[in-house]
Structure formats: structure tokens, C-alpha cells
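The following exercises concern the chain shown below. Please work through each task before reading its solution.

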Amino acid sequence: MSQKHADDAVKSFETIAIHAGNTADPLTGAVVPPIYQVSTYKQDGVGGLRGGYEYSRSANPTRTALEENLAALEGGRRGLAFASGLAAEDCLLRTLLAPGDHVVIPNDAYGGTFRLFAKVVSRWGVEWSVADTSDPASVRAAVTDRTKVIWVETPSNPLLGITDIAAVAQVAADAGAKLVVDNTFASPYLQQPLSLGADIVVHSLTKYMGGHSDVVGGALIANSAEIGEELAYHQNAMGAVAGPFDSWLVLRGIKTLPVRMDRHSENAGKVAEMLTRHAKVTQVLYPGLPEHPGHDVAAKQMRAFGGMVSFRVEGGEEAAVEVCNRTKLFTLGESLGGVESLIEHPGRMTHASVAGSALEVPADLVRVSVGIENADDLLADLQQALG
């Protein structure tokens, strides 16, 4: 937790989500931070910055409020907000890595993250290898003497794999590497990787943190002030910062994050249970199910199991695509984490970039982001879509 919020450590997550960074406006007393839609600031003499602000790429009061909130929610020392999740990842990799370094990446991950490693960072001379991060021994075997970062998603996208963060944190520590955890699927309400030994947390703020499918953003939260300063330097130098209105929208969304995640998790559990009983479903991937291989680890390190469910259907790829096309309440679309339910075919949509790689997803896979609508309505929609 940032020093500013050290005295708030005894407060509950729900309270921190509403109050951290959200100080009343000193001019008017407004309880919501203003949108500082401004590029530059009047200085009190040459080099005399008023409140530390000079140019909104370097800092903006609305973004500062969000970054303080993010640090408090994840229990980190420094939070940084970006224009997208991939912008945050790009800044992180260019901060921590140099040509010749090596990264261990998961065998199940967001397609955009894989594309960043395979098509962008690799051209910079950074090498990577794939490991099953649900098995700490697999991660350890993938580490080399040049490994600087171990990258984890848990739950993973789209196969909902679970990684024991504390166990992999020990592998990273033994290797002298940094452990990065993409916490997008869980959100800080359900899981706090820094408390389990991670060095840096990544978020796509577009998803559960914003929560309403109306903003694109990303975040990094560091457990070290030193790493936080290095990331902040690169954030300013590279410039892919979150804008003030986007920052304001995410701050607004975060205030209801706990109640939304409770409902997402409750509804997703009902969806997963229904799917396990459906004759046309061959496999359900949801860490809340006792038969999920990562269930015990998820129960240990998560408050609840989240709103994402994936499942495989009889009939292969075309059958999976037809299920996606037949839903009426579940909207066919990419992204996730909004209050409305979404459905997609990962192989043709979000994960097309991993085709032919070790991260290729099954062609008969369907992924759903379970929203906060009435659960019975959602179950009925999936049942009619499955036929």
C-alpha cells in the first residue's frame, strides 16, 4: 500500500475502493475528483511547479487520483495508469528488459500479450520460452541464466488455468527474476498478487476495473518504490498515459467493484454448474468447480472465483461458432468484465494471434464473460443457444 494510505490499512477493501485517491476537491468540496481536461499548467515562476504539475503527460490530477487508488487496492507502493493494458505491458517490458534478456511466458495467455512478445519484443532481441505456469516445476525448468521476468496470468485467458502465485514467486526469487502477474480476470477484490510475492501487477482497466464497457485503460502496480520510479520514468518518456476522462471513468467504476465482482462470481458459478450438466458440453473450465485442477489453489489465494467461464462443445469449431451466434442476452463481442454478459469464440476472435503456437486454443472452445443480469435469464439464453 502506498505511504499515503498506510494509515488506512485497517480499512476494508470496500472502503478503500471508494475513498483511496478520492479526496474532496479543495476549491468546491466536490466529493468526486474533477476531470482535469488540461494539457499544461501555470507555473509559479520558472521551475516553480504548483502541486508538482507541469504537463499532463507527466502528471494529471485526475490520473493521480486513479493511480493512488490502484496502489491502495493492490497493496502496492506505486500505481501507474496507461492508455490500454498493452500500453502498460509495453512500458513494463521496456523498463525491465534489455536485448539478450529472457522471459518465461505462460502456455495460456491473452492473445495480445503473446503477440507483444512474439512479434514486437522479440524483434528487440528479447527471447522468451513457454511454461505451464500451473506447475512450478515447469516454470523452474524454463528459467535460464538470462531470465529477468516470469509472466503469469491467473486465472488465465481463455482456459481459466490457475497458478500458485506464492510458489512461482519463490521460483522467480531463486532465479533473481521479477514475477509479473496479470490480475485482470480476478481484479484486486478477488486476488492480491503482491501480498503473495509478486513484484508487479498488470491490469487491463478496460475490464472489471472500469466495469461498464465504456473505457479503455491499463495499469501497473509495483511493490517497490524503486521499481515504481523506473516505471514512472518510462511512462513519461514513452507517453502512453491514461487520459483524464478515462481515468475518471475507471475511478467511478472501481467504487462498485466489490459488489459487481460478488454478483459476477455468483452468476458465473451458476452458469458453470448448468453447463456441466448439459449434454452438448464436453468440458467446463471454471476454477470454482471442485473438479477443476486448480480449484484448491484458487480457493486458497482468491476471495471468489470470478465471472469468466469457458466451455467446449460437441461438434467442433462450427458448433462452437453457432452457439456464439445464437445467444440473445449474451452479446457476441470481444473484451470482458462489463456488467453485460458477453460471448466469443477465442480461436477466431481474441486469440487468433496464437494460432499455430504453443498457446493455440481448442477450436471448439467458447468463452463467456458472465455479467450481473438475472442469473435465470442468462441460464435460459445459454440453454437455448446450445439447443
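Four exercises with worked solutions follow.

The model is predicted: local features need pLDDT of at least 70, side-chain atom pairs count only at pLDDT 80 or more, and totals for chains, interfaces and linings use all residues. Residues are numbered from 1 along each chain as its sequence is written, and side-chain values use heavy atoms, with hydrogens and water left out.

**Exercise 1. Overall dimensions**

Determine how the radius of gyration of the chain relates to the globule rule.

Solution. Begin with the inventory: the chain holds 13 helices and twelve strands, where helices (H or I, at least four residues) and strands (E, at least two) are DSSP runs numbered from the N terminus. Next, the radius of gyration, taken over C-alpha atoms, is to be set against a rule of 2.2 Å times the number of residues to the power 0.38. For 387 residues the rule gives 21 Å, and the chain has a radius of gyration of 21 Å, so the chain is as compact as a globular protein of that length. Along the principal axes, the C-alpha trace spans about 70 × 50 × 35 Å. Finally, 53% of the 387 residues are buried, the classes being buried under 20% relative accessible area, exposed over 50% and partly exposed in between (1.4 Å probe, protein chains only).

**Exercise 2. The seven-stranded sheet**

Establish the strand order of the open sheet of seven strands and identify its edge strands.

Solution. Two strands count as paired if DSSP finds at least two bridges between them. On that basis the order is E1-E7-E6-E5-E4-E2-E3, with mixed pairing. The edges are strand E1 (78-82) and strand E3 (127-131), each of which pairs on one side only. From one strand to the next the twist averages 20°, with axes fitted as lines to C-alpha atoms (for helices over the stretch in contact) and angles running from 0 to 180 degrees between N-to-C directions. Inside the sheet, E2 (residues 102-106) and E4 (residues 147-153) are parallel and share three bridges; valine 103 has valine 149 in E4 as its bridge partner. Helix H3 (residues 85-96) lies across E1, E4, E5, E6 and E7, at about 155° to E6, contact meaning heavy atoms within 4.5 Å.

**Exercise 3. The five-stranded sheet**

Find which strands stand at the edges of the second open sheet, and why one side of each lacks a neighbour.

Solution. The order is E8-E9-E12-E11-E10, again with mixed pairing. Strand E8 (281-285) and strand E10 (331-332) each have a single partner strand, so one side of each has no neighbour in the sheet. Between E9 (residues 308-313) and E12 (residues 365-369), five bridges form an antiparallel pairing. Here arginine 312 stands opposite leucine 365 in E12. Helix H12 (residues 316-326) lies across E9, E10, E11 and E12, running at about 135° to E9.

**Exercise 4. Aromatic pairs**

Classify two of the five aromatic pairs found in the whole structure.

Solution. Rings of Phe, Tyr and Trp (its six-membered ring) pair if their centres lie within 6.5 Å; planes under 30 degrees apart are stacked, over 60 edge-to-face, and the rest tilted. Phenylalanine 13 and tyrosine 189 are 5.3 Å apart centre to centre, with 55° between the planes, hence tilted. Phenylalanine 13 belongs to helix H1 (residues 13-19) and tyrosine 189 to helix H7 (residues 187-190), so the pair ties together parts 176 residues apart in sequence. Both residues of this pair, phenylalanine 13 and tyrosine 189, are buried. Phenylalanine 245 and tryptophan 248 are stacked, at 6.0 Å centre to centre and 15° between the planes. Phenylalanine 245 is partly exposed at 42% relative accessible area, and tryptophan 248 is partly exposed at 22%.
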